[in-house]
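Thanks for coming. I will go through one model this morning, starting with its DNA contacts and ending with a helix and a loop.

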There are 2 protein chains.
Amino acid sequence: MATISDVARLAEVSVATVSRYLNESGYVGAKSRESIQSAIKELNYVPSEVARSLSTKQSDIIGLIIPDIKNPFFPELARAVEDTAFEYGYTVILCNSDENANKEKHYLEKLTKKYVAGIILTSIIEQENHWQKVKLPIVALDRPINSNVPTVTTNNEKGAKIATDYLIACGATNLLCISGPDTFTSSQTRVDGFNLAATHKNINTYIIESPYDFEIAEKILYDYLKNNPAIDGIFACSDASAIGALKAAHRLGICIPEDLQIVGFDGIQVGNVVTPSLTTVAQNIYQLGQTAAKLLIKQIEGHKLTQESVCIDPELIIRETTRKERFK
Amino acid sequence: MATISDVARLAEVSVATVSRYLNESGYVGAKSRESIQSAIKELNYVPSEVARSLSTKQSDIIGLIIPDIKNPFFPELARAVEDTAFEYGYTVILCNSDENANKEKHYLEKLTKKYVAGIILTSIIEQENHWQKVKLPIVALDRPINSNVPTVTTNNEKGAKIATDYLIACGATNLLCISGPDTFTSSQTRVDGFNLAATHKNINTYIIESPYDFEIAEKILYDYLKNNPAIDGIFACSDASAIGALKAAHRLGICIPEDLQIVGFDGIQVGNVVTPSLTTVAQNIYQLGQTAAKLLIKQIEGHKLTQESVCIDPELIIRETTRKERFK
DNA sequence: TTGAAAGCGGTACCAC
DNA sequence: GTGGTACCGCTTTCAA
């Protein structure tokens with residue numbers, strides 16, 4: 001593999017000049033420029049990013065730490081981050097933390113060692129603060145970690161409120177909210193939105209907790225719905241639990257949406273494939289990822305952030321698990 | 001950030017000794033060892049992987065090039081690769097090629113510049129040969145690129161044969177095979193398996209092509225099934241097209257599995273969520289990724305490969321889009 | 001406009 | 001056992 005000095009030698013100039021040419025920093029005379037160009041071509045020269053990194057203490061690598069790429073929410077997010085990174089000439093390292101503080105910490109350290117340019121973090125660690133040791137640009141995605149860290153999230157409360165309002169408008173009066181694990185602030189915020197919309201009306205509300213896993217949710221909801229047949233509307237804090245509820249209702253012979261209406265949250269693809277297809281509050285996942293990446297790159301490149309944090313509105317997608325709106 | 005010479009100075013030894021200690025190469029006396037340890041602790045020293053890479057021309061980064069992480073087949077694959085990489089101390093860079101030769105080439109180059117240790121490639125480029133310029137360890141995943149490159153694939157022919165045999169055993173006699181784009185050898189091989197199982201019996205066979213996209217497949221199959229009501233069994237070369245077929249049949253009022261049985265291929269999660277749930281030939285996706293990563297790491301670490309290529313058997317998962325087996 | 005040379009933070013050979 | 005030191009390939013002063 002040819003090096004910069006090979007190029008310099010062949011072009012009969014100094015490495016400094018070649019470097020200047022490469023980085024478009026400083027002057028390079030026309031003749032030098034030409035001979036450098038042909039030398040590069042002839043030697044098939046490709047600059048070493050590692051050497052450059054060592055010198056500049058910077059790289060074009062972005063670390064993306066997420067809980068689990070298998071979780072249907074994240075592929076699209078990762079894709080958005082990668083697309084944006086690609087557009088700006090960056091590259092992304094994928095890390096699955098499994099909601100595990102140690103793994104998260106491990107990756108944070110590992111990425112630091114690599115001089116990554118910055119990190120996008122969907123952290124489990126809201127209370128802890130490994131990230132504080134990291135002096136790199138960081139953006140928190142989906143889950144805020146600290147008010148000093150720029151954060152990109154969905155407007156969860158608003159989304160939950162819209163969903164609940166819609167259920168009520170469609171005639172549901174006994175509402176169940178399926179919350180997520182209480183360690184997720186996003187889940188708590190969605191529950192807040194649910195309460196905001198459902199209280200002070202002639203509505204009965206119930207809350208039950210379930211992990212964002214459709215098989216577990218199915219079990220939990222099977223038991224719950226069996227014992228609580230009055231429930232006629234469900235707002236689930238995730239599509240996964242919504243689909244679990246759908247399956248459970250199916251097994252119990254409950255008709256959807258006639259006897260029971262369901263609205264999910266997230267907008268993952270599967271919701272469109274189940275029968276009946278799922279009415280849901282869709283997060284703009286791609287935009288979340290894209291925004292996070294852009295915010296990070298802005299920081300990396302030393303621009304001032306005009307907005308520290310971004311909150312993206314979700315959108316209600318009406319499909320088949322809800323009836324027609326009756327009350328406006 | 002502390003460097004190796006800071007450590008050496010504080011520990012009152014030379015950098016060479018610290019380096020030896022760090023890499024467990026060569027002798028380090030007990031006293032030196034101790035003072036180095038405490039110096040490292042005190043300075044909170046973390047070795048720079050970049051500097052090390054420059055010196056050794058090696059890194060612990062594995063490049064993973066896939067068409068699109070949003071494609072439901074790949075998250076699990078990526079996860080398996082990442083898990084295995086993690087286990088062996090490697091880190092993975094994720095690249096989405098979009099089945100685009102230029103993007104693939106770009107990434108191949110970019111990864112080379114970074115001195116990545118090796119590359120796992122799900123290539124679109126079966127005929128081209130960008131990868132030939134790359135002198136790094138490579139493993140081809142899912143799609144063979146060349147007989148010299150170690151390859152990990154599913155036994156597609158066998159899987160297709162099992163699926164088709166099963167359809168026939170369940171009483172289907174007018175079989176449609178939904179193939180994939182003919183640029184995928186995997187699809188061709190599955191069609192081969194289908195033909196192998198279906199010809200020479202009192203079976204009528206038909207073949208139609210569709211992309212691995214459930215919405216497009218739905219359109220194509222809607223038209224096809226409308227005009228060919230005799231079809232009573234479908235073997236789809238992907239779960240995506242199987243689900244498209246399912247949706248199309250649903251819209252046409254065709255009962256599944258009574259009037260029409262469907263078997264998919266891939267084993268993606270969605271198949272388990274649709275109604276009726278999809279009988280399918282499941283690839284062992286996790287194992288594919290894991291095997292590829294292990295094969296790559298073996299090469300990287302200079303071990304001889306005992307088996308150049310690996311072919312993993314898929315498994316028929318019987319769910320609700322097929323009837324009970326009637327003929328054995 | 002250009003080049004010499006001092007880093008960047010390690011590794012590894014060789015002499016002691 | 002240990003240390004001096006010449007690289008690895010590139011960036012970046014600073015002087016010419």
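Of the atoms of DNA strand C that come within 4 Å of the protein, 65% belong to sugar or phosphate, and the rest to bases. This is a predicted model, where local features need pLDDT of at least 70, side-chain atom pairs count only at pLDDT 80 or more, and totals for chains, interfaces and linings use all residues. Residues are numbered from 1 along each chain as its sequence is written, chains are lettered from A and ligands numbered from 1 in the order in which they are written, and side-chain values use heavy atoms, with hydrogens and water left out.

Strand C is surrounded by 27 residues, the closest being A:Arg20, A:Gly29, A:Ser32, A:Lys57 and B:Ile4. "Near" here means that a heavy atom of the residue lies within 4 Å of the strand. By class, this surface has 13 nonpolar, 11 polar and 3 charged residues. For the classes, Ala, Val, Leu, Ile, Met, Phe, Trp, Tyr, Cys and Pro count as nonpolar, Asp, Glu, Lys and Arg as charged, and the others, Gly among them, as polar.

Now the polar contacts, meaning pairs of N or O atoms within 3.5 Å; within protein, one must be able to donate a hydrogen and the other to accept it, and residues adjacent in sequence count only if both atoms are side-chain atoms. The side chain of B:Ser19 places an N or O atom 2.7 Å from a phosphate oxygen of strand C. For B:Ser48, a polar backbone atom is 3.0 Å from a phosphate oxygen of that strand. At B:Ala51, a polar backbone atom is 3.4 Å from a base nitrogen of strand C. Two or more residues of the surface come from each of α2 (15–23) and α4 (49–56) of chain A, and from α2 (15–23) and α4 (49–56) of chain B. Helices (H or I, at least four residues) and strands (E, at least two) are DSSP runs, numbered from the N terminus. The largest share, 5 residues, is from α4(B).

Next, DNA strand D. Around it are 26 residues, with A:Ile4, A:Tyr45, B:Arg20, B:Gly29 and B:Lys57 the closest. Of the strand D atoms within 4 Å of the protein, 65% are sugar and phosphate. A:Ser19 has a polar side-chain atom 2.8 Å from a phosphate oxygen of strand D, and A:Asn23 has one at 3.0 Å from a phosphate oxygen. A backbone N or O atom of A:Ala51 is 3.4 Å from a base nitrogen of strand D.

On to helix α6 of chain A. What span should its 13 residues, 101–113, have at 1.5 Å a residue? The expected span, 1.5 Å times one less than the number of residues, is 18 Å, and the end C-alpha atoms are 18 Å apart, which agrees. A:Asn100 caps the N-terminal end, with a side-chain oxygen 2.7 Å from the backbone nitrogen of A:Asn102. Just after the helix, A:Tyr115 has a positive phi of about 55°.

Last, a loop residue: B:Ser97, between β2 (91–96) and α6 (101–113) of chain B. Is B:Ser97 buried or exposed? Its relative accessible area is 1%, so B:Ser97 is buried; buried means under 20%, exposed over 50%, partly exposed in between (1.4 Å probe, protein chains only). Beyond neighbours within four places in sequence, B:Ser97 is in contact (heavy atoms within 4.5 Å) with B:Ile65, B:Ile66, B:Pro67, B:Lys103 and B:Glu104.
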